[in-house]
Amino acid sequence: EMPALQQAFETYGEEVRFIGINVQDSGSAIRTFVDELGVTYEMLRDINGNLVVANGISAFPTTLFIDSSGRIVKQVAGELTTESIDRSIALLLPNPSN
């Protein structure tokens, strides 16, 4: 799903902040992986699993869609498609008709 997330970052990166969080790999493994896939959005490590525990995450990958006030508006376990990412990001963006 990282290529789909990268595509979404290229589309929405000015409006939505993208952060990938890795809980399993070393820093060097992450760098190699993102370089191979051409990922340019921010990547962090959750070394102690604090994010996983705090959000009850039990499956990987899991994606959190968080609004500007810090509220999780959607949590998706499993791989995302470009279409599902677009639909979920629509929940975060202001409605242009308002």
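# Reading strands, rings and charges in a predicted model

Author: Strand β3 has two faces, a covered one made of Thr63 and Phe65 and an uncovered one made of Thr62, Leu64 and Ile66. Please bear in mind throughout that this is a predicted model.

Reader: Why do the residues of a strand divide between two faces in this way?

Author: The general idea is that side chains in a regular strand alternate between the two faces of the sheet. In this structure, Thr63 and Phe65 belong to the covered face of β3, whereas Thr62, Leu64 and Ile66 belong to the uncovered one.

Reader: Taking Thr63 as an example, is it buried or exposed, and which residues is it in contact with, leaving aside its neighbours within four places in sequence?

Author: Thr63, which lies in strand β3, residues 62–66, is buried, because its relative accessible area is 12% and the cut-off for buried is under 20%. Leaving aside neighbours within four places in sequence, Thr63 is in contact with Glu1, Lys74, Gln75, Val76 and Leu80.

Reader: Which strand pairs with β3, and in which sense?

Author: Strand β4, residues 72–77, pairs with β3 in the antiparallel sense over five bridges, and one residue to look for is Lys74 in β4, the bridge partner of Phe65. The two strands form a hairpin with five residues between them, and Gly70 in the turn has a positive phi of about 90 degrees.

Reader: How should I read the salt bridges, and how many does a search of the whole structure find?

Author: In general, side chains of opposite charge can pair when their charged atoms come close. Here the search of the whole structure finds two salt bridges. In one of them, Arg17 pairs with Glu42, the closest N and O atoms being 2.8 Å apart, and this pair links distant parts of the chain, since Arg17 is in the loop between α1 and β1 while Glu42 is in strand β2, 25 residues apart. Arg17 is exposed, with a relative accessible area of 63%, whereas Glu42 is partly exposed at 33%. A salt bridge also joins the side chains of Arg71 and Asp67, at 3.2 Å from N to O, and Asp67 counts as buried, with 18% relative accessibility.

Reader: How many aromatic pairs does a search of the whole structure find, and how do I tell one geometry from another?

Author: The search finds three aromatic pairs, and the angle between the ring planes sets the geometry, over 60 degrees counting as edge-to-face and under 30 as stacked, with the rest tilted. Phe9 and Phe18 form an edge-to-face pair, with 5.7 Å centre to centre and 80 degrees between the planes. The rings of Phe18 and Tyr41 have their centres 6.2 Å apart and their planes at 45 degrees, so this pair is tilted. That second pair links distant parts of the chain, 23 residues apart, with Phe18 in the loop between α1 (2–12) and β1 (19–22) and Tyr41 in the loop between α2 (27–37) and β2 (42–45). Ring pairs thus link Phe9, Phe18 and Tyr41 into a cluster; within it, Phe18 and Tyr41 are buried, while Phe9 is partly exposed, with a relative accessible area of 23%.

Reader: Finally, which residues make the nonpolar surface patch of about 230 Å²?

Author: Ile19, Ile21 and Leu44 make that patch. Leu44 is found in strand β2 and counts as partly exposed, at 37% relative accessibility.

Methods:
Residues are numbered from 1 along each chain as its sequence is written. This is a predicted model: local features need pLDDT of at least 70, side-chain atom pairs count only at pLDDT 80 or more; totals for chains, interfaces and linings use all residues. Side-chain values use heavy atoms; hydrogens and water are left out. Rings of Phe, Tyr and Trp (its six-membered ring) pair if their centres lie within 6.5 Å; planes under 30 degrees apart count as stacked, over 60 as edge-to-face and the rest as tilted. Buried means under 20% relative accessible area, exposed over 50%, partly exposed in between (1.4 Å probe, protein chains only). Helices (H or I, at least four residues) and strands (E, at least two) are DSSP runs, numbered from the N terminus. Contact means heavy atoms within 4.5 Å. A salt bridge is a side-chain nitrogen of Lys or Arg within 4 Å of a carboxyl oxygen of Asp or Glu. Patches are made of residues with over 30% relative accessible area and no salt bridge: like charges are joined within 9 Å, nonpolar side chains (Val, Leu, Ile, Met, Phe, Trp, Tyr) within 5 Å. Accessible areas come from the Shrake-Rupley method with a 1.4 Å probe; for residues, only the protein chains shown count as cover. Two strands pair if DSSP finds at least two bridges between them.
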